[in-house]
Amino acid sequence: MEKQEWELFLDRMLAQGEQIRAAGMPVRQDGYSVILVQLAEVSRLAQLHKFLLMQREEHLFISQPVAYQQGYLLVAGGGEALLGDLLVDWQMDFGEQYGAEVAMSIGGSHDLLDIYQSFREARMAGFFQLVTGKRTFVQNFNRMGLFTNLFRQSSAELTAFCQQTIGPLQEYDKAFNTRLIETLQALLEEDFNWTKTAARLFVHVNTLRYRYEKIQQILDMDESLAMRANLFAAVRTAEVLRALQMTQVSVLRPKKQERKDVIWHADKKAAVSF
């Protein structure tokens, strides 16, 4: 399978990192971050490319844009700390100029030898927002709260966490064709406001309370904040894991020539893909 332009670009950066290490030269401490800029309207790709080229003239620490999915990939040197505000400005300026929605995500800052890790994190940051149905945002992987550390885990570890936390409820829904996971998610997202949650689910408050009692029985859960935090993390993680099969990017690493599938989700609600 022939490599795509963005993959060749990252391979060159990886090779540069290997040359620097082989030469015994000092490694840049502030690292490099991958930026993914994606459009909902592919008809605006030409305008986005022109816009990014113009922005780069003023910010030479950012690479030229390389085609990726429904937008472009860039790499910034100097760490990701200041990129958030800059990308928010870019997002606003592009929207004002072209009337188009753009979504941006930033991977963590890494050495060139770990540039693919930053790429993976940028994808994860993008889909972390897309699973909620958002079409426009700027998301830094290192600004995702508890999910930053959580999503550094492998898919197997994430699956085990979900199974341990909400597995019995998932199995109950499957066995009895119920939607208790959806009820739990709504309660968590509405901060256990019974009236708002009932209205969101189009059920009576008494019906909602009955469902919650059933959830408590199945999960043997208490009312502690720690328990709610775990449940929120597990529900959100499970939502992402269910969508993992919807978008798949195959990365053929140089030298080892082993293809690794890096899978992440393209949400049905938003016509954006990371």
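Start by selecting Asn 177: this residue is exposed, with a relative accessible area of 70%. You'll find Asn 177 in the loop between helix H6 (155-176) and helix H7 (180-189). Check its backbone angles too, since Asn 177 has a positive phi of about 55° although it is not a glycine. Keep in mind as you click around that this is a predicted model.

Now slide along to Asp 191, in the loop between H7 and helix H8 (194-201). Here you meet another residue other than glycine with a positive phi, this one near 55°. Is Asp 191 buried or exposed? Asp 191 is exposed, with a relative accessible area of 62%.

**Zoom out for a moment**

Show the whole protein chain as a cartoon. How many helices and strands does the secondary structure come to? The protein chain has ten helices and seven strands. Of its 274 residues, 48% count as buried. Look also at how the chain folds back on itself: among the contacts with a separation of 6 or more, 67% are between residues 24 or more positions apart.

Next, colour by pLDDT. The mean for the protein chain is 86, and 87% of the residues reach 70 or more. Then select residues 251-270, where pLDDT stays under 50. The model has 70 contacts beyond four places in sequence for that stretch, but go easy on reading details there.

**Helix H1**

Head to the beginning of the chain and select residues 5-22, which make up helix H1. Try a quick bit of arithmetic with your distance tool. At 1.5 Å a residue, the 18 residues of H1 should span 26 Å, and the end C-alpha atoms are 26 Å apart, so the two agree.

Which residues of H1 are buried? They are Trp 6, Glu 7, Phe 9, Leu 10, Asp 11, Met 13, Leu 14 and Gly 17. Give them a colour of their own and turn the helix around. After H1 comes Gly 24, which has a positive phi near 75°.

**Strands E1, E2 and E3**

Select strand E3 (residues 71-77). This strand is mostly covered, with seven of its seven residues buried. Add strand E1 (residues 32-39): E1 and E3 run antiparallel and are joined by seven bridges. To see one pairing, show Val 37, which stands opposite Tyr 72 in E3.

Now bring in strand E2 (residues 66-68), which pairs with E3 in the antiparallel sense over three bridges. Val 66 has Leu 73 as its bridge partner in E3. E2 and E3 form a hairpin with two residues between the strands, and in this hairpin Gln 69 takes a positive phi near 50°.

While the side chains are showing, here's a general tip: in a regular strand they alternate between the two faces of the sheet.

**A buried glutamine**

Jump to helix H2 (residues 45-58) and pick out Gln 55. With a relative accessible area of 12%, Gln 55 is buried, because the cut-off for that is under 20%. Show Trp 90 as well: the side chains of Gln 55 and Trp 90 are joined by a polar contact of 3.2 Å.

**Strands E4 and E5, with H4 between**

Select strand E4 (residues 102-106) together with E5; the two pair in the parallel sense over four bridges. One pairing to show is Ile 106, whose bridge partner in E5 is Asn 140. Follow the chain from E4 through helix H4 (residues 115-130) to E5, and you trace a β-α-β crossover that is left-handed.

Pause on H4 itself. Its 16 residues should span 22 Å at 1.5 Å a residue, and the end C-alpha atoms are 23 Å apart, which agrees. Of those 16 residues, 15 are buried, so H4 is largely enclosed by the rest of the structure.

**Last stop: Asn 140**

Finish on Asn 140, in strand E5 (residues 137-140). Buried or exposed? Asn 140 counts as buried, at 8% relative accessibility. Its side chain reaches the backbone nitrogen of Asn 142 at 2.9 Å. Leaving aside residues up to four places away in sequence, Asn 140 touches Glu 80, Ile 106 and Ala 125. You've already met Ile 106 as the residue whose bridge partner in E5 is Asn 140.

Conventions
Residues numbered from 1 in each chain as written. Predicted model: local features only at pLDDT ≥ 70, side-chain atom pairs only at ≥ 80, totals over all residues. Heavy atoms only, no water. Expected span 1.5 Å × (residues − 1). Buried < 20%, exposed > 50% of the residue type's maximum accessible area, 1.4 Å probe, protein only. Polar contact = N/O pair within 3.5 Å; in protein donor to acceptor, adjacent residues only side chain to side chain. Contact = heavy atoms within 4.5 Å. Pairing = 2+ DSSP bridges. Right-handed = clockwise from strand over helix to strand, strands pointing away. pLDDT = per-residue confidence, 0-100.
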